[in-house]
Amino acid sequence: MRRYGKHTDEDDVRVRPSRKGNRPRSTIRPKHEDAADGMVLTVDRGRLTCLVEDRVVIAMKARELGRKAAVVGDRVALVGDLSGRKDTLARIVRIADRTSVLRRTADDDDPFERVVVANADQLAIVTALADPEPRPRLIDRCLVAAYDGGLEPLLVLTKSDLAPPDKLLELYGDLDIPYVVTSREELENRDAADQVREQLDGKITAFVGHSGVGKTTLVNALVPEERRRSTGHVNAVTGRGRHTTTSALALPLTESDGWVVDTPGVRSFGLAHIDPSRVIHAFPDLEPGTEGCPRACSHDEPDCALDEWVATGHADPARLYSLRRLLATRERREGD
């Protein structure tokens, strides 16, 4: 027997109460229109340290965000206790669209990418000129990740008191990458820190480099009041540095309007997630020449239109060589 007429209203429908006495679940999520804007400074085991106005707030991710994770540099919206007092906890309810993303994989066979930092303007690739020896393949990989993620690269060469920078700079001269050369003595006297700071002013810069190259020492010179517990030393047997930074951390620059993001030292930089077709965007002088390329061209094959583009004088041959060297990096191991 029909209980209700044809024109029933939602108010006429009886809802059976839950046996547990709680309210029925709803798929309608709150809009959190009063949420405060913040920036993620670091992430540690599910707890995110955020800057909200001038306060440091500890937060966790809201359940409605699902698998979407917030990383250092993310712009987020927070609700809850935003006082920043001890033992208080806020909640991240939204993550804004990212303007840039620095990603890496554990190795070239790993299909799972890891976001290192979001919304950075610049990637500072820190490389020692000696002790440990420079690794151009690792630099190339970092450059590919920067170009793919929308970051401008910056070369920071350390320990110039142990070896001259000329040979390494010549290798990257055709890419027109800005660079800074530093020494241990200059870092102690803050001269080199001031040179680097000029390149960082008004930008969010992620620092990346192999362990032992002096990356954290440089960050400590730029942000002396946020010194890390220790600065590692290079292992005399293996030539590799000990990790002194265990998680990415965003720090405000001293005497400057900018941020640095110190990241853990890397032993490898996988590029399994990189689409080679996006690397060409970092070469505006070569990109128009790809219009005549065959579909899915690797830009390093007999039918590539870039050869004719360069031969007719539209671009420097050295630039095409640099592009192909970077693209080939994805197919080579860093130690090759």
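## A salt bridge at Arg184

Let's start with one residue: Arg184 counts as partly exposed, because its relative accessibility is 38%, a value that falls between the 20% and 50% cut-offs. This comes from a predicted model, so please read every value here as computed from that model. The side chain of Arg184 meets that of Asp131 in a salt bridge, with 3.5 Å from N to O. Arg184 belongs to helix 3 (residues 184-188) and Asp131 to the loop between strand 8 (122-128) and helix 1, so their pairing ties together parts that are 53 residues apart in sequence. Asp131 also counts as partly exposed, because its relative accessibility is 37%.

## The protein as a whole

Stepping back, the protein contains 7 helices and 13 strands. It has 336 residues, of which 46% count as buried. If you take the contacts between residues at least 6 apart in sequence, 65% of them join residues at least 24 apart. The exposed area of the protein is about 19400 Å², and carbon and sulfur atoms supply 47% of that.

## Two nonpolar cores

Inside, the largest nonpolar core is made of 54 residues, and Leu123, Leu143 and Leu323 have the most contacts within it. Helix 1 is the element that gives the most to this core, contributing 8 residues. A second core, separate from this one, has 20 residues, including Val126, Ala128, Val196 and Leu200.

Leu323 is a handy residue to look at on screen. Setting aside neighbours within four places in sequence, Leu323 is in contact with Val279, Ile280, Phe283, Leu286 and Leu306.

## One aromatic pair

Phe283 turns up again here. Searching the whole structure gives 1 aromatic pair. Its members are Tyr147 and Phe283, arranged edge-to-face, with 6.1 Å centre to centre and 65° between the planes. The two rings come from distant parts of the chain, 136 residues apart: Tyr147 sits in helix 1 (residues 136-149), while Phe283 sits in the loop between strand 13 (259-262) and helix 6 (306-311). Tyr147 and Phe283 are both buried.

## Strands 12 and 13

Strand 12 (residues 249-252) pairs with strand 13 in the antiparallel sense, over 4 bridges. In this pairing, Leu249 stands opposite Asp262 of strand 13. The hairpin has 6 residues between the two strands, and Glu255 in this hairpin takes a positive phi near 60°.

Asp262 has a charged partner as well: Lys215, with which it forms a salt bridge whose closest N and O atoms are 2.9 Å apart. This pair also links distant parts of the chain, with Asp262 in strand 13 and Lys215 in helix 5 (residues 215-222), 47 residues apart. Both Asp262 and Lys215 are buried.

## More salt bridges

Side chains of opposite charge can pair when their charged atoms come close. How many salt bridges does the structure hold? There are 15 salt bridges. Arg103, Glu113 and Asp148 are linked in a network of them.

Another example lies within a single helix. Asp194 and Arg197 meet through their side chains in a salt bridge of 2.8 Å, N to O. Both are in helix 4 (residues 191-200), 3 residues apart, which is about one turn of the helix. Asp194 counts as partly exposed, because its relative accessibility is 33%, whereas Arg197 counts as buried, because its relative accessibility is 7%.

Key. Residues numbered from 1 in each chain as written. Predicted model: local features only at pLDDT ≥ 70, side-chain atom pairs only at ≥ 80, totals over all residues. Heavy atoms only, no water. Phe/Tyr/Trp six-rings, centres within 6.5 Å; stacked < 30°, edge-to-face > 60°. Buried < 20%, exposed > 50% of the residue type's maximum accessible area, 1.4 Å probe, protein only. Pairing = 2+ DSSP bridges. Contact = heavy atoms within 4.5 Å. Areas by Shrake-Rupley, 256 points an atom, 1.4 Å probe, with all protein chains shown as cover. Core = buried A, V, L, I, M, F, W, Y, C linked by side-chain atoms within 4.5 Å. Salt bridge = Lys/Arg side-chain N within 4 Å of Asp/Glu carboxyl O.
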